[in-house]
Amino acid sequence: DAFSREDMTFFKILENIGYLVQFQSLLSTHSAELTMLEDHWITINSLSHCRIVLTSEELGVFDLSGLAHRVTLSIGVGREIWEILPSGLKNQKPIPVSTVLFTKGVNEQQMLSERVGTNSMEHTINIDGLCKLEVYYMMYKEYVTQNNIPGDVEKLDALMTPICKHARAHVFKDVKLLSMVDEAVRILGFTDYKQWYQRRVRGLMSGSRVTSCKSAKDRTAMSVTYDSVSVLSREHCLVASGFNNALSALRSHGVRPLNCKKNTGSGKYAFNGFQLKILPKEYRPPIGSYGGKIT
């Protein structure tokens with residue numbers, strides 16, 4: 001395919017602003033999950049010390065170098081892409097990595113944490129994530145405005161206001177916050193202008209989202225399937241009346257039940273009737289898809 005102005009723009013965004021990675025956690029702030037969440041946060045923050053360098057090596061070839069506090073990840077992009085890179089990236093200018101973490105406990109353990117008042121870590125992490133997201137957003141907005149680059153700044157402005165409101169409000173099971181952050185990161189990751197790049201690199205260098213809970217098979221499955229259907233609705237004309245049917249289909253017959261089966265031997269999510277009532281309605285699996293015993 002012919003390369004366009006938008007193709008160059010994507011790499012200029014990487015060169016001048018950096019690579020944005022959003023982490024979404026569904027861990028609670030109770031007992032062992034709180035410790036997992038704290039370790040998760042520290043590790044994610046340490047990724048900001050990582051830098052990415054693009055090389056003309058074969059697509060997908062990579063190498064790690066440096067020390068723990070300054071790691072360089074060299075990634076081959078192939079000759080075709082190498083030829084259109086901005087001069088800074090060709091001269092191996094490091095691409096900075098910006099990481100943001102947002103977390104929302106959604107299970108019965110989080111309900112207990114809310115009741116006994118041990119939920120402050122969730123609010124602390126979300127405010128930290130909000131501050132980092134705002135910094136990246138302001139750099140993005142300044143760059144695309146000054147350089148007359150196509151970017152959905154108005155839509156981002158409209159998203160950032162409720163994101164700030166929801167993050168500061170600290171409401172139990174407020175998964176709307178996670179959905180809005182995901183949509184903002186998709187725009188900041190320049191999703192609209194890299195269709196050709198996705199075909200060539202399969203998402204190797206796009207703005208990214210990582211989702212996790214304790215085992216990455218139950219709560220995580222509910223989150224990623226909800227976001228997948230949201231993308232179908234937002235970007236691929238899925239009619240509103242088909243939203244819940246598509247969601248049920250993904251949760252019942254998609255790769256998520258297979259993930260459960262490979263991990264536990266059972267193709268059912270490990271939710272019981274009580275836990276189902278605690279989950280946000282957006283994260284409730286269809287009848288027949290839950291009842292697994294191993295969490």
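The place of Gln92 is in the loop between helix 4 (87-90) and strand 5 (95-103). In this predicted model, Gln92 has a positive phi of about 60° although it is not a glycine. With a relative accessible area of 44%, Gln92 is partly exposed, because that class lies between the 20% limit for buried and the 50% limit for exposed.

Two other residues with a positive phi can be set beside Gln92. Ser31, which is not a glycine either, has a phi near 55°. Ser31 sits in the loop that runs from strand 1 (19-25) to helix 2 (32-46). Cys237 comes just after helix 10 and has a positive phi of about 65°.

| Residue | Phi |
|---|---|
| Ser31 | near 55° |
| Gln92 | about 60° |
| Cys237 | about 65° |

Helix 10 itself covers residues 219-235, which makes 17 residues. How far apart are its end C-alpha atoms? They are 24 Å apart, and a rise of 1.5 Å a residue also gives an expected span of 24 Å, so the two values agree.

Which residues of helix 10 are buried? Near the start of the numbering they are Arg219, Thr220, Ala221, Met222 and Ser223. Further along they are Thr225, Tyr226, Asp227, Val229, Ser230 and Val231. Two charged types, Arg219 and Asp227, are therefore in the buried list. The cover over these buried residues includes two strands, strand 1 and strand 6 (208-212). Helices also take part in it, among them helix 2, helix 8 (175-188), helix 11 (243-253) and helix 12 (255-264). Strand 1 and helix 2, the elements on either side of the Ser31 loop, are thus both part of the cover of helix 10.

The remaining values describe the protein as a whole. It has 13 helices and six strands. Its radius of gyration is 20 Å, close to the 19 Å that the globule rule gives for 295 residues, so the protein is as compact as a globular protein of that length. Along the principal axes, the C-alpha trace spans about 60 × 40 × 35 Å.

Of the 295 residues, 46% count as buried. Among contacts between residues at least 6 apart in sequence, 70% join residues at least 24 apart. The protein exposes about 14,300 Å², and carbon and sulfur atoms supply 55% of that area. Its charged side chains comprise 35 positive and 29 negative ones, and the centres of the two sets lie 6 Å apart.

Key: Residues are numbered from 1 along each chain as its sequence is written. This is a predicted model: local features need pLDDT of at least 70, side-chain atom pairs count only at pLDDT 80 or more; totals for chains, interfaces and linings use all residues. Side-chain values use heavy atoms; hydrogens and water are left out. Helices (H or I, at least four residues) and strands (E, at least two) are DSSP runs, numbered from the N terminus. The radius of gyration is taken over C-alpha atoms; the globule rule is 2.2 Å times the number of residues to the power 0.38. Buried means under 20% relative accessible area, exposed over 50%, partly exposed in between (1.4 Å probe, protein chains only). Contact means heavy atoms within 4.5 Å. Accessible areas come from the Shrake-Rupley method with a 1.4 Å probe; for residues, only the protein chains shown count as cover. The place of a charge is taken as NZ of Lys, CZ of Arg, CG of Asp or CD of Glu. The expected span of a helix is 1.5 Å times one less than its number of residues.
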